[in-house]
Amino acid sequence: MSDATLHAANQDPDSFAVQIADQVESFIVAVTEVAKGDEPDSAVPFLLLEVSQLLLAGGRLGAHEDIVPDERYEPDLGPEQDVDELRERFAALLEPIDVYSEVFDPYEPRKAPVPCRISDDLADVVTDLRHGLAHYRAGRTTEALWWWQFSYFSNWGSTASATLRALQSLVAHVRLNQPLQELDGLDTDEDLTEESLAEEAGRVMAEEIAGPLGLRTVK
């Protein structure tokens with residue numbers, strides 16, 4: 001969708017709403033293209049870049065004053081667009097490194113990490129962003145900004161942040177030629193303790209993932 005179609009003709013291209021909408025749409029388009037698997041060797045570095053850029057938009061939304069929607073009740077958008085295909089494509093593309101461990105709230109003391117999936121995270125983030133984008137395209141700009149801000153605090157901000165840490169850690173392990181602990185095979189539906197995670201984690205050397213991920217060849 002072009003900018004001319006996405007934005008109303010009377011909107012200032014430098015306005016906060018237009019810039020956030022541009023970043024949201026850019027992320028959705030980019031990750032959808034990555035999920036097609038046409039360039040698997042560059043998937044992880046590209047996702048690292050896209051999630052980082054999205055979190056800049058999230059930071060701007062988080063720092064902004066509270067946005068109040070025009071209407072008391074959210075207008076009905078109809079059925080949500082299905083993201084199962086996107087989730088499945090990423091699960092297949094990222095299969096060797098899809099599962100990672102995460103602590104949901106760093107301010108909860110002694111909270112044990114749990115296994116998560118990058119594929120699930122990306123699909124969830126896209127779902128939240130599409131919801132707001134539907135309002136934006138319908139001309140409900142304030143409603144869109146309210147939703148993006150609210151869901152940033154309640155879901156997609158922490159989800160994208162966790163995904164970014166996983167992607168950054170993966171790239172760092174390979175670039176620094178350090179062994180990578182693999183969580184492949186963990187059941188993300190299980191309530192695993194920190195000890196269980198340590199026992200289940202396998203060993204995958206950086207040499208085995210550097211080539212397929214297009215990061216660099218380790219000698």
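**View 1. Gly-139 comes after helix H5 with a positive phi.** The phi of Gly-139 lies near 90°. Helices in these legends are DSSP runs (H or I, at least four residues), as are strands (E, at least two), and both are numbered from the N terminus. Please keep in mind that this is a predicted model: local features need pLDDT of at least 70 and side-chain atom pairs count only at pLDDT 80 or more, whereas totals for chains, interfaces and linings use all residues. Residues are numbered from 1 along each chain as its sequence is written, and side-chain values use heavy atoms, with hydrogens and water left out.

**View 2. Helix H5 is mostly covered.** Of its 20 residues, 15 are buried (under 20% relative accessible area with a 1.4 Å probe, protein chains only; exposed is over 50% and partly exposed in between). The end C-alpha atoms of H5 are 28 Å apart, which agrees with the 28 Å expected for 20 residues at 1.5 Å a residue. That expected span is 1.5 Å times one less than the number of residues.

**View 3. H5 (residues 118-137) packs against H6 (residues 141-175).** Their axes are 9 Å apart and meet at an angle of about 165°. Axes are lines fitted to C-alpha atoms, for helices over the stretch in contact, and angles run from 0 to 180 degrees between N-to-C directions. The angle makes H5 roughly antiparallel to H6 (over 145 degrees; under 35 is roughly parallel, 65 to 115 roughly perpendicular and the rest oblique). This crossing is left-handed, with the near helix turned anticlockwise from the far one by less than a right angle. The contact of H5 with H6 involves 13 nonpolar, eight polar and four charged residues. Nonpolar covers Ala, Val, Leu, Ile, Met, Phe, Trp, Tyr, Cys and Pro, charged covers Asp, Glu, Lys and Arg, and the others, Gly among them, count as polar.

**View 4. H6 bends at Tyr-152.** The bend is about 75°, taken as the angle between axes fitted to the seven residues ending there and the seven starting there. From one end C-alpha atom to the other, H6 spans only 42 Å, whereas a straight helix of 35 residues would span 51 Å. Just after H6, Asn-177 has a positive phi of about 55°.

**View 5. Trp-156 sits in helix H6.** Trp-156 counts as buried because its relative accessibility is 1%. Leu-122 is 34 residues away along the chain, with its C-alpha atom 9.1 Å from that of Trp-156.

**View 6. Helix H3 (residues 43-63) crosses H6.** The axes of H3 and H6 come within 8 Å, at roughly 145°. This crossing is left-handed too. The contact of H3 with H6 divides into 17 nonpolar, eight polar and no charged residues.

**View 7. Ala-43 belongs to helix H3.** With 3% relative accessibility, Ala-43 counts as buried. Between Ala-43 and Leu-94, the C-alpha to C-alpha distance is 8.5 Å, across 51 residues of sequence.

**View 8. Helix H2 (residues 16-35) packs with H3.** The two axes are 10 Å apart, at an angle of about 160°. H2 and H3 are therefore roughly antiparallel to each other, and their crossing is left-handed.
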